[in-house]
Every structure is written in C-alpha cells, then in structure tokens.
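This briefing introduces a protein chain to a first-year reader. Please look at the sequence and the structure first, and then read the points below.

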Amino acid sequence: MSTTTTKSTSTSTSTTTTTTTSTLTSTTTSTSTTTSTSTSTSTSTSTSTSTSTSTTTTTTTTTAVTFIPTGIYALTIPTCATWSQLGITVAGNANGTSGSDLYSLASPVGIFIDNNDTLYIADRDNNRIMMYYANAASGLVVAGDLTAGSSSSQLNSPKGVAVDQYGSIIVADSSNYRIQSFPSGSMVANTIAMNSVVNPLGQIRDLHIDVNNNIYVTDSDYNRVVKFSTGNAVGVVLAPTNGTGSAANQLLGPFGNFIDGNQTLYIADTRNSRVQMWISDAISGITVAGETGVAGSSLALLSNPEAITVDNNGYVNKVWIKTIYFNDNDILTFIGRYIYVVDEGNARVVKWTTNYTTGGVCVVGCSGIIGSANNELNGPRDVKFDSQGNLYITDQANHRIQKFLIQLPTSPCSP
C-alpha cells in the first residue's frame with residue numbers, strides 16, 4: 001500500500017503604517033513582510049519539507065516642520081522711535097461707554113494682532129472673542145456669545161487670546177479654568193487643557209503663543225507661569241521655583257507674561273510691583289523693571305504692572321548686553337531688549353531700556369491723568385504692536401482699544 005500526502009501552505013502578509021503629525025513633525029513608516037511556506041510529505045519512502053521566508057522593511061523618514069519668524073514675530077522697531085500721544089479708537093466706543101453690539105466692548109482684556117493687522121479681542125464681560133479687520137468700523141464675533149457658559153461653544157470671562165500658525169483661535173477661558181482652541185472658521189472649540197488633579201489650572205490672566213504654537217499662560221491663583229507644549233494637555237511650570245512671595249525665585253499675583261525667541265520669559269509680577277526676567281532653565285528671576293515691593297508713580301517705579309511686550313516678540317532688535325555674576329564663580333551673559341510695560345496703577349505704558357536702574361521712559365498715557373480723553377487711559381490692561389510698529393492698548397475701564405501711531409526718526413538712532 002502506498003499513500004502520498006501533499007500539503008502546501010502559502011502565507012502572504014503586507015502591512016503599511018503611515019503616521020503624520022501636522023503640528024511640527026511628519027513621520028512616515030512603511031513595512032512589508034512576505035512569508036511563504038511549502039511542505040510535501042510521502043508516507044511510503046520520502047519526506048520533503050521546504051520553507052522560504054522573505055522580509056523587506058523600508059527605512060523611516062522624519063521631516064521637521066519649522067516656522068520661521070516673520071511679520072509680527074520679526075519686526076524691527078528703531079530704538080529711538082516714539083509714539084503719538086493721541087490715541088485712535090479702533091474698537092469699542094471712543095467716549096468710554098460699554099455695550100454688547102458689534103461696535104462695542106465690555107471690559108476687554110487681552111488682545112492679539114496678526115500679520116494682516118487683524119485685531120482679536122477677549123471681550124471679557126460679553127463672554128466672546130471679537131475680530132476687527134484693519135480699519136473696520138465694527139467687529140465680528142468669532143468665539144463665544146453674550147451668555148456665560150461651559151459648553152464647547154461658550155466662554156466664561158475670557159481674558160486672553162492668540163491665533164496659532166494654523167489659524168486656530170486660542171482662548172484663555174478663565175472662569176471655566178480651561179484653554180480652548182477654535183479651529184479656523186468654527187464656533188465650536190476643542191479643549192487643550194483644563195483644571196484637574198494632575199493639571200491644576202486657576203484664573204488665567206494672560207495667554208501668549210510662540211512661533212511654534214507652544215502656549216504660555218499666567219495663572220494668578222497659583223502664582224505661576226505654565227507652558228503647554230503642542231499636543232500636551234499637562235503643563236510645565238516655568239516660574240517660580242519656590243512658591244509665593246517676593247524673593248527672586250518667587251512671584252506674587254502675576255498677570256502678564258512674554259516669551260522671546262531665546263525662550264527667555266518676562267513676567268509682570270503685579271503684586272510685587274516689578275517685571276521679572278527668567279532666562280531659560282533659570283532657578284530664579286532677575287528684576288528688569290520696577291522695584292520689588294515698592295509701588296510708585298515716578299519713572300523709577302511701577303504700580304500694578306499687568307502686561308508686557310518685549311521688542312515686539314523679541315526675535316530682533318537686540319540692543320544691550322549685560323553680565324551677571326553668581327556666587328563669584330558662575331558668569332551669565334545675556335542679550336537684553338526694550339521692555340514695554342502696562343503700568344496699570346499709573347494709567348500709562350512705559351519703556352524700560354538698557355540699564356533698568358535708571359528707570360523707564362513714558363510712551364503713552366503720560367499726562368498723569370486717568371480719564372477717557374484721547375490722550376488718557378483708564379485701567380490699561382494689555383499692549384501689542386501691529387506690523388508697522390503702532391501700539392495697541394486695551395483701555396479696559398474705557399471699554400475700548402486705542403491705537404497710538406509710531407513716529408519714526410528721520411535719521412538713524414544713536415547707539
């Protein structure tokens with residue numbers, strides 16, 4: 001008796017995996033694996049087994065996407081420039097009255113200006129974000145409505161706003177203790193981060209975004225500045241390193257913040273009446289404006305500093321170098337910049353320059369009078385530059401945004 005059994009098995013597997021991260025990194029991986037097995041068996045006299053396996057794997061290619069600073073992120077302002085003392089109302093009512101129509105604002109807080117000079121406003125008491133195109137007489141509602149709420153289409157006392165490189169509107173939804181992202185053209189938000197056990201988040205007083213879409217918020221409830229990297233819902237505390245107080249490694253009721261192109265952080269340490277500079281990875285800050293714990297109206301002092309900007313986003317216009325000695329051993333040299341401070345208690349904006357110990361220079365609101373005239377401010381809250389170097393100031397208690405035109409020098413600035 002002769003029996004012959006023949007068994008043939010063929011297996012082929014092909015797998016392709018593609019992953020793309022559109023924020024900063026794009027990664028593509030392709031793997032192809034083929035396995036073929038053939039077996040033949042004869043029970044009479046012979047047995048033959050043949051197995052063949054073939055595997056082919058391609059390499060992984062990673063391409064980094066880097067945003068180059070342009071426009072408002074790379075604006076050079078002459079060091080000796082000045083600004084008109086007469087403000088132009090570009091949003092809200094010039095007479096200082098509040099309202100809820102498309103021509104009015106109610107206690108606006110943070111502002112953002114894009115490369116097209118489009119103005120975005122955190123209209124706090126109207127629970128909305130307003131957008132004004134350049135030279136427009138009225139605004140458009142681009143997030144929230146007149147009703148405070150916590151749904152994905154609502155806001156509750158927003159205090160900060162920015163627009164990322166993809167056109168999404170990022171909002172500090174302060175009384176909901178969260179950061180919201182409204183995709184371009186959408187009134188429905190995605191939550192980037194919110195208050196939780198692993199990520200405590202209190203009242204957000206200010207929100208900034210850098211050229212690579214990292215978000216920086218000032219949390220006055222916890223007296224700190226927190227960074228949220230792209231795609232990360234849990235923040236990293238950048239400052240302080242030693243809790244609440246008036247020491248160099250502490251903060252007390254901070255409001256505004258600013259991050260420059262070297263990752264140097266500037267903080268309006270409001271209740272300490274000073275501006276602190278924290279160099280990347282530093283364990284303490286350096287006072288660069290004001291005097292710790294001393295509020296005043298002279299140009300050597302500040303009173304409730306609430307917002308800052310540095311050389312219009314700090315990527316250019318490097319103007320001075322300072323060397324600091326630590327413990328007689330460590331030497332730190334950094335490049336300083338002009339610092340523009342909203343001095344809320346004095347209803348003015350001041351510029352601090354090369355040697356901060358000599359005090360600041362008044363830029364706008366220099367009359368010393370709190371009011372609603374076009375050369376006056378009342379409770380200023382934020383400051384930004386447009387693409388031409390004009391100053392925009394949130395004149396909060398006057399429920400308006402004021403624009404102060406830059407006055408360029410007719411000859412080169414002296415060193």
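Two residues are in contact when they have heavy atoms within 4.5 Å of each other. Among contacts in the chain between residues at least 6 apart in sequence, 51% join residues at least 24 apart. The structure is a predicted model, in which local features need pLDDT of at least 70 and side-chain atom pairs count only at pLDDT 80 or more, while totals for chains, interfaces and linings use all residues. Residues are numbered from 1 along each chain as its sequence is written, and side-chain values use heavy atoms, with hydrogens and water left out.

**Overall composition**

- The chain holds 0 helices and 32 strands; helices (H or I, at least four residues) and strands (E, at least two) are DSSP runs, numbered from the N terminus.
- Of the 415 residues of the chain, 47% count as buried. Buried means under 20% relative accessible area, exposed means over 50%, and partly exposed lies in between (1.4 Å probe, protein chains only).
- The UniProt record, an unreviewed entry, places the feature "repeat: NHL" at residues 154–185 and 364–407. UniProt positions are given in the numbering used here, feature names are shortened, and annotations may be inferred rather than shown by experiment.
- Over residues 154–185 the chain is 0% helix and 44% strand, and the end C-alpha atoms lie 15 Å apart.

**Two open sheets**

- Strands of a sheet pair through backbone hydrogen bonds, either parallel or antiparallel. Two strands are taken to pair if DSSP finds at least two bridges between them.
- One open sheet consists of 4 strands in the order β7-β8-β9-β10, with antiparallel pairing. Its edge strands, β7 (108–113) and β10 (140–144), each pair on one side only.
- Neighbouring strands of this sheet are turned by 25° against each other on average, direction ignored. Axes are lines fitted to C-alpha atoms, for helices over the stretch in contact, and angles run from 0 to 180 degrees between N-to-C directions.
- Within this sheet, β8 (residues 119–123) and β9 (residues 128–132) pair in the antiparallel sense over 5 bridges. Leucine 119 stands opposite tyrosine 132 in β9.
- Another open sheet of 4 strands has the order β6-β31-β30-β29, and its pairing is antiparallel. The edge strands here are β6 (88–92) and β29, each of which pairs on one side only.
- Strands β30 (residues 391–395) and β31 (residues 400–404) pair in the antiparallel sense over 5 bridges. Leucine 391 stands opposite phenylalanine 404 in β31.

**The enclosed strand β17**

- All of β17 (residues 224–228) is enclosed to a large extent by the rest of the structure, because 5 of its 5 residues are buried.
- Both faces of β17 are covered: Arg224, Val226 and Phe228 are buried on one side, and Val225 and Lys227 on the other.
- Strand β16 (residues 215–219) pairs with β17 in the antiparallel sense over 5 bridges, and tyrosine 216 stands opposite lysine 227.
- β16 and β17 form a hairpin with 4 residues between them, and asparagine 223 in the turn has a positive phi of about 55°.
- β17 also pairs with strand β18 (residues 236–239), in the antiparallel sense over 3 bridges. The bridge partner of valine 225 in β18 is alanine 239.

**Nonpolar cores**

- A nonpolar core is a set of buried Ala, Val, Leu, Ile, Met, Phe, Trp, Tyr and Cys residues joined through side-chain atoms within 4.5 Å.
- The largest core has 27 residues, and those with the most contacts inside it are Ile129, Ile169, Ile179 and Val217. Strand β12 (residues 169–173) gives the largest share of this core, 4 residues.
- A second, separate core of 18 residues includes Ala307, Val342, Leu377 and Phe404.

**Aromatic pairs**

- The structure holds 4 aromatic pairs. Rings of Phe, Tyr and Trp (its six-membered ring) pair if their centres lie within 6.5 Å; planes under 30 degrees apart count as stacked, over 60 as edge-to-face and the rest as tilted.
- The rings of tryptophan 83 and tyrosine 340 have centres 5.8 Å apart and planes at 85°, so this pair is edge-to-face. The two residues are 257 residues apart, in strands β5 (residues 82–83) and β26 (residues 339–343) respectively.
- The rings of tyrosine 340 and phenylalanine 385 have centres 5.1 Å apart and planes at 85°, so this pair is also edge-to-face.
- Trp83, Tyr340 and Phe385 form one aromatic cluster.
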